[in-house]
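Ready for some practice with a protein model? Work through each exercise on your own before you read its solution.

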Amino acid sequence: MGCNALRTAHNPFAPEFYDMADSMGFYVMDEALDEWTRGWPYNFTENNRGKAENGYQLYFDQWGETDIRKMIQRDRNHPSVVMYSIGNEIPDQLTDEGVIIAKRLVKVCHEEDSTRPVTSGCDQYMTGRKNGFMDALDISGFNYIERHLADSMYLAEYVRRPEKLSVGTETGKSEKYFTSYRDNSYAIGQFIWVGWDYLGEAKKAPQRGWQGGLFDVSGNIRPDGMRHEAYWSNKPVVNICVAKEDEKKINISTWNWDEDDKLIVSTYSNCEEVELFLNGKSLGRK
């Protein structure tokens, strides 16, 4: 569908993954960790409290640097790996101690591999640019920058640090994320949350997992995937989907509609013109 980059959220993947990415020609952002020493609900004792009760925060002080070194030593000879991420939405990014840790981990990455830049998935940009967390990174990484800066997107960081590149380490599916890097050389791309549905974050029964991916768990492309195929692909793309008018929700799972159903028809295309036919009769071109 035109996608050329993959993110290992939020931990290193199996060795076979990197072999596959090498052979298929993907770029890879190799991500190490989902937390360091703290969780979002801060406490101020010597007992670290992370995002989860038994999370990596229990081991970071002893093993964080070692694990990142081992990850880079294992993966640095894969041509697919183009950058490293030292963390995703790390709560420590809000603290002065977190800035110190970030600088140390970036230094560790450079010691193990001086050829690749380092970033982090930052979801607290407004604080991170004030306390120096963003400045510690080779490439400024943003999770959902639209939440913080709306239409200006990556421009504010470019004005502040024009010598640095920016990347959407985790983004939504709105058109702004695509056009912001299509139209600006200082923004190098986006990693959408999420490419493929996964088990977990199910919200409520009978749902078993996250259902916001470009592909479902069976590998069927969703309308959002069709739209991004039109964004990303260099080949001509025309896809069609429908939504029941009263539901305002795109549904392509079936064409078994009732005779009186009113349907909204949408097409996703990168072509200059699309013509729609109903029962062999043209409904016009746009």
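**Exercise 1.** Find what share of the contacts with a separation of 6 or more comes from residues 24 or more positions apart.

*Solution.* Start with the term: a contact means heavy atoms within 4.5 Å. Then take the contacts in the protein with a separation of 6 or more; residues 24 or more positions apart account for 53% of them. Before you go on, note that this is a predicted model, where local features need pLDDT of at least 70, side-chain atom pairs count only at pLDDT 80 or more, and totals for chains, interfaces and linings use all residues. Residues are numbered from 1 along each chain as its sequence is written, and side-chain values use heavy atoms, with hydrogens and water left out.

**Exercise 2.** Work out how much of the protein is buried, and how helix H8 fits in.

*Solution.* First, the scale: buried means under 20% relative accessible area, exposed over 50%, and partly exposed in between (1.4 Å probe, protein chains only). Next, the whole protein: 44% of its 286 residues count as buried. Now turn to H8, residues 223-232 (helices are DSSP runs of H or I with at least four residues, strands are runs of E with at least two, both numbered from the N terminus). Nine of the 10 residues in H8 are buried, among them Met226, His228 and Trp232.

**Exercise 3.** Describe the aromatic pair formed by Tyr56 and Phe60.

*Solution.* Begin with the rule: rings of Phe, Tyr and Trp (its six-membered ring) pair if their centres lie within 6.5 Å; planes under 30 degrees apart count as stacked, over 60 as edge-to-face and the rest as tilted. The whole structure holds 13 aromatic pairs. For Tyr56 and Phe60, the centres are 6.5 Å apart and the planes make an angle of 70°, an edge-to-face pair. Last, look around them: Trp36, Tyr56, Phe60 and Phe133 form one aromatic cluster, and Phe60 is buried at a relative accessible area of 1%.

**Exercise 4.** Build a picture of Tyr144 from its place, its backbone and its neighbour Arg147.

*Solution.* Place it first: Tyr144 is in the loop between strand S5 (140-143) and helix H5 (146-149). Then check the backbone: phi of Tyr144 is near 60°, a positive value in a residue other than glycine. Its relative accessible area is 12%, so Tyr144 counts as buried. Finally, the charged end of Arg147 sits over the ring of Tyr144, 4.1 Å from its centre (the rule asks for NZ of Lys or CZ of Arg within 6 Å of the ring centre and within 35 degrees of the ring normal).
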